[in-house]
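Colleague: I would like a close look at the contacts between charged side chains in this model, and then at whatever else in the fold can be set beside them. Please take your time over it.

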Amino acid sequence: MTGEYEKAFKKSIEQPDKFWDEAAQQIEWHKPYTKVLDDSQAPFYRWFTGGELNTCYNALDFHVKNGRADQLAMIYDSPVTNSIQKFTYTQLRDRVAKFAGVLLENGIKKGDRVIIYMPMIPEAMIGMLACARIGAIHSVVFGGFAPHELAIRINDARPTLILSASCGMEGSKIIEYKPLLDKAIELAQHKPEKCIIYQRPQAKAGIIADRDIDWVEAEKSAKPADCVFVQATDPLYIIYTSGSTGIPKGVVRDNGGHAVALKWTMKNIYNMEPGDVFWAASDVGWVVGHSYIVYAPLLAGCTTIMYEGKPVGTPDPGAFWRVISQHNVKALFCAPTAFRAIKKEDPNGEYLKKYNLSSFKYLFQAGERLDPDTYYWASNLLKVPVIDHWWQTETGWAIAANCMGLEPLPIKAGSPTKSAPGYQITVMDSNGRILPNEKEGTFAVKLPLPPGTFPTLWQNDKKFRESYLDPFPGYYFTGDGGYIDKDGYLFIMGRVDDVINVAGHRLSTGEMEEVVASHKDIAECAVIGVADDLRGEIPFGFVILKNGVNRDPKEILQELYAMVRDQIGNFAYFRNAVIVRQLPKTRSGKILRSTMRKVANGEQFSIPSTIDDPNILGEIKEALVRVDHVKK
Ligand code: AMP
C-alpha cells in the first residue's frame, strides 16, 4: 500500500480548504472565488463563494479549445431503435449552443426552471447542457414517472418551460410521453408557458397550438448562444428524490462545487484519463445519470455513452459486453440489479465469450447493496476489479468508495470500502451517540459535506434542516444503517426510514401507502420492502378493508396495483399485497413497520414491548405464507 488514500483522506478532513482549492484548479473560472469553504451561514455551507464559472463551458467549450475538438464526447447507442450516433466535442458544443439559443428565444433567463421529461436520447443531454449554458436550472424527471408524480414536481419547481419527446422505448414497446405530459400539466396548478417536443419517428405527438413547439424546427432557425457565467453557488439543477412522505424532496446542486468535485472523482475514484470511454448504464432521470452520464465524464474530457437499452432482452444478455467491446469502454457503472438480471439469463457467461473486452478495466456498482453473490459472480466472470461504492441523490457522488485512481485498497465483499475523501463518517445510535466500530446504527457525516453535494432543498431550508440536520446536530443524517468494521470498512445494510430500493430505484413506501389508502374500500394499510432475488427489494402491502366491503379481494388488490402503477409508475413494482384484519401497532397507534419487515424477510425479531397485541404478528406471518413470492 502506498498510503495515498490515507493521505488524501486526512488532508480532505483536516484542511478541506486546501484540499478542494487544489482540486478547483482543474476548473476554468471566469472570476476566481474569494472563499473555498464559506461557513458564514452554518449549518448551511457554501463552496467557492465569489467565484464565477459556467458548467457547460467547462464540460464542452474548454475541451474544444484545449485539443479535444475532434474527440468523441458522446456515443448514443440504442439497441431499441437500432441506431448509433456519435458526437465530437465540437459537434456536441454546437448542438448545445444552438439549443441554448432556442431557450433564449423562448424567453428563458438565468435562474428560470426547465423541466426535462425525456427518454434516453441525445436531446435529453443537449437540453440539460443548454440550460447550464445560459444559467437556467434544469430539473430532469425520470420518464417512467406517471403524470401525478410529474405534476408534483411541476408544482414545486414551477418551470417556465418543459422539454419532452413524443415517446420512450421499453424494450420493443413504445411508450407515448406526450399524453402523460399533457395529463401532468392538466393536473398541476402551475402551468408552464411552453413545451418543446422532440418528435421521434416511433410515435408522433399531438401538438397543442400556442403552447407546444417542435424541437427540430426551433433548433434549425436558432442562433447559437454563448455561455452565461454564474456564481459558483447558483443552482445548476434540482433533482427530486423520495423521502419518507409522499412529497419528494428537491435536492439542489450548485455549479462550482459540483464541477470541482465531479472532475476530481473521475481521476481519483474512477481512474479515468481524458480520452477514456466511460459508461454509466443508468438514466438521465436519476442522479447517476446527471453525474456520470452527463457532467463528470464531459468535465474530465472523456467519451460518455448514452445507452437506450436494457442489460437483457435488447436483444440478449450479451448487450453490455457488446457495448463495451464496440465502443472500447474502460469502465462501466451500473446497479447490481443489472448484473443479477444478466446472471439469471446467462449464469455461465456464455455470451461474454463472443466479445473482446480488452479495453475493459473496472466495473463500478452502486444504487443498492452489492450482495456478495453478485460480487463474486461478476468478478469471476469479468476478471476486473468490481468496485462497490455508496452514494445518494443528495450527495451527488460517492460517500464511500475504493478510490481506484488514488490507491486501490483490498476489497471486502459486501462493503463499499472506506469513506471517500471529504466525508467524515460515523455510526450513531438513535440518541445521536457515536458508536464504536462493529456496532450497528445509522450512518451520519460530520458537517460540512464536501463540494458537489447539496446546499439545501429547493426553496425549503426548513425541510432540509428537519430531514437532514436535526436528527443529529452537527451531522448529515444519511438515512442508511449499518456499521464500520475494525479496519474502517463500511457495511451498508439498508435504510432506517421508509425508503425502499427496487432494482436500484429509490421509492417511498409512505407514498405508496397514500395511494393505496385513497382506494374507496381501504380502511388502512402498510407497505414495506421485502427481499427479492432480482430486484433487491420489492414493495409488499398489507391492507385492511373498510367494514362491510364484501367484493372479490383479488379484484380489489388488482385495483390497488393499477393505482400505484398509474400514480407513481410501473417501475415501483407494486404487485404483492394481502388483506389482513389488523396491523401490528404500538399502544400509541404507530404501525410497527420494522417488525413487519423482519417477519416478512424471515429475519430474527423480538416482540416489541410496546406492541398492543402480539397475536397480530402471527396473522401477518400466516398471510405471508399464503403468498408464494415471499421467501422463508
Ligand atoms: P438514490 O438516492 O436513489 O441514489 O438512492 C440512495 C440509496 O440507495 C442509499 O441511501 C442507499 O440506501 C442505497 N445505496 C446506494 N448505493 C449503495 C451501496 N453501494 N450499497 C448499499 N446501499 C446503497
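Colleague: By the rule used here, how many salt bridges does the count come to?

Modeller: The model is a predicted one, and that should be kept in mind throughout. By the rule applied, the count comes to 37 salt bridges. Side chains of opposite charge can pair when their charged atoms come close.

One of these salt bridges is formed by aspartate 61 and arginine 93, whose closest N and O atoms are 3.8 Å apart. This pair links distant parts of the chain, since aspartate 61 sits in helix H3 (residues 55-65) and arginine 93 in helix H4 (residues 89-105), with their positions 32 residues apart in the numbering. Aspartate 61 has a relative accessibility of 6% and therefore counts as buried, the cut-off being under 20%.

A further salt bridge joins the side chains of arginine 495 and aspartate 497, with an N to O distance of 2.6 Å. Here aspartate 497, at 15% relative accessibility, counts as buried, whereas arginine 495 has a relative accessible area of 22% and is partly exposed.

Glutamate 524 and lysine 585 form another such pair, and their closest N and O atoms are 2.7 Å apart. Again distant parts of the chain are linked, as glutamate 524 belongs to strand E29 (residues 522-532), while lysine 585 lies in the loop between strand E31 (577-579) and helix H17 (593-600), and the two are 61 residues apart. Glutamate 524 counts as partly exposed at 26% relative accessibility, and lysine 585 is partly exposed as well, with a relative accessible area of 22%. Salt bridges can also share partners, and in this way Lys520, Asp521, Arg551, Glu555 and Glu559 are joined into one network.

From charged contacts we can turn to aromatic ones, for which the count by the rule used comes to 47 pairs. In one of them, the ring centres of tryptophan 20 and tryptophan 264 are 5.6 Å apart and the ring planes stand at 65 degrees, so the pair is edge-to-face, a class that takes angles over 60 degrees. Because tryptophan 20 lies in helix H2 (residues 16-24) and tryptophan 264 in helix H9 (residues 256-268), the pair ties together parts that are 244 residues apart in sequence. Tryptophan 20 and tryptophan 264 are both buried.

The rings of tyrosine 561 and phenylalanine 574 also make an edge-to-face pair, because their planes are at 80 degrees, and their centres are 5.5 Å apart. Tyrosine 561 is in helix H16 (residues 553-567) and phenylalanine 574 is in the loop between H16 and E31, so this pair ties together parts that are 13 residues apart in sequence. Both tyrosine 561 and phenylalanine 574 are buried. Elsewhere in the chain, Tyr270, Phe278, Tyr292, Phe333, Tyr362, Phe364 and Trp391 form one aromatic cluster.

Among the strands, E8 (residues 161-165) deserves a separate word, for it is mostly covered, five of its five residues being buried. In a regular strand the side chains alternate between the two faces of the sheet. Both faces of E8 are covered, with Leu161, Leu163 and Ala165 buried on one side and Ile162 and Ser164 buried on the other. Strand E8 pairs in the parallel sense with strand E6 (residues 113-117) over four bridges, and within this pairing isoleucine 116 stands opposite leucine 163. Strand E8 also runs parallel to strand E11 (residues 194-198), to which five bridges join it, and there alanine 165 stands opposite tyrosine 198.

Finally, there is the question of empty space. Rolling a probe the size of a water molecule over the atoms shows where empty space is left. A search of the whole structure finds five cavities of 30 Å³ or more, and the largest cavity has a volume of about 160 Å³. Its lining is made up of 17 residues, and Tyr45, Leu449, Thr453, Phe454 and Pro455 are those nearest the centre of the largest cavity. Strand E2 (44-49) and helix H14 (461-469) each supply at least two residues of this lining, and E2 gives the most, with four residues. By class, the lining of the largest cavity holds 13 nonpolar, two polar and two charged residues.

Definitions and conventions
Residues numbered from 1 in each chain as written. Predicted model: local features only at pLDDT ≥ 70, side-chain atom pairs only at ≥ 80, totals over all residues. Heavy atoms only, no water. Buried < 20%, exposed > 50% of the residue type's maximum accessible area, 1.4 Å probe, protein only. Pairing = 2+ DSSP bridges. Salt bridge = Lys/Arg side-chain N within 4 Å of Asp/Glu carboxyl O. 1 Å grid on protein atoms, 1.4 Å probe; cavity = no way out; pocket = protein on both sides within 12 Å on 5 of 7 lines; lining within 4 Å. Points joined across faces, edges and corners; volume = space filled by probe spheres on them. Nonpolar A, V, L, I, M, F, W, Y, C, P; charged D, E, K, R; others polar. Phe/Tyr/Trp six-rings, centres within 6.5 Å; stacked < 30°, edge-to-face > 60°.
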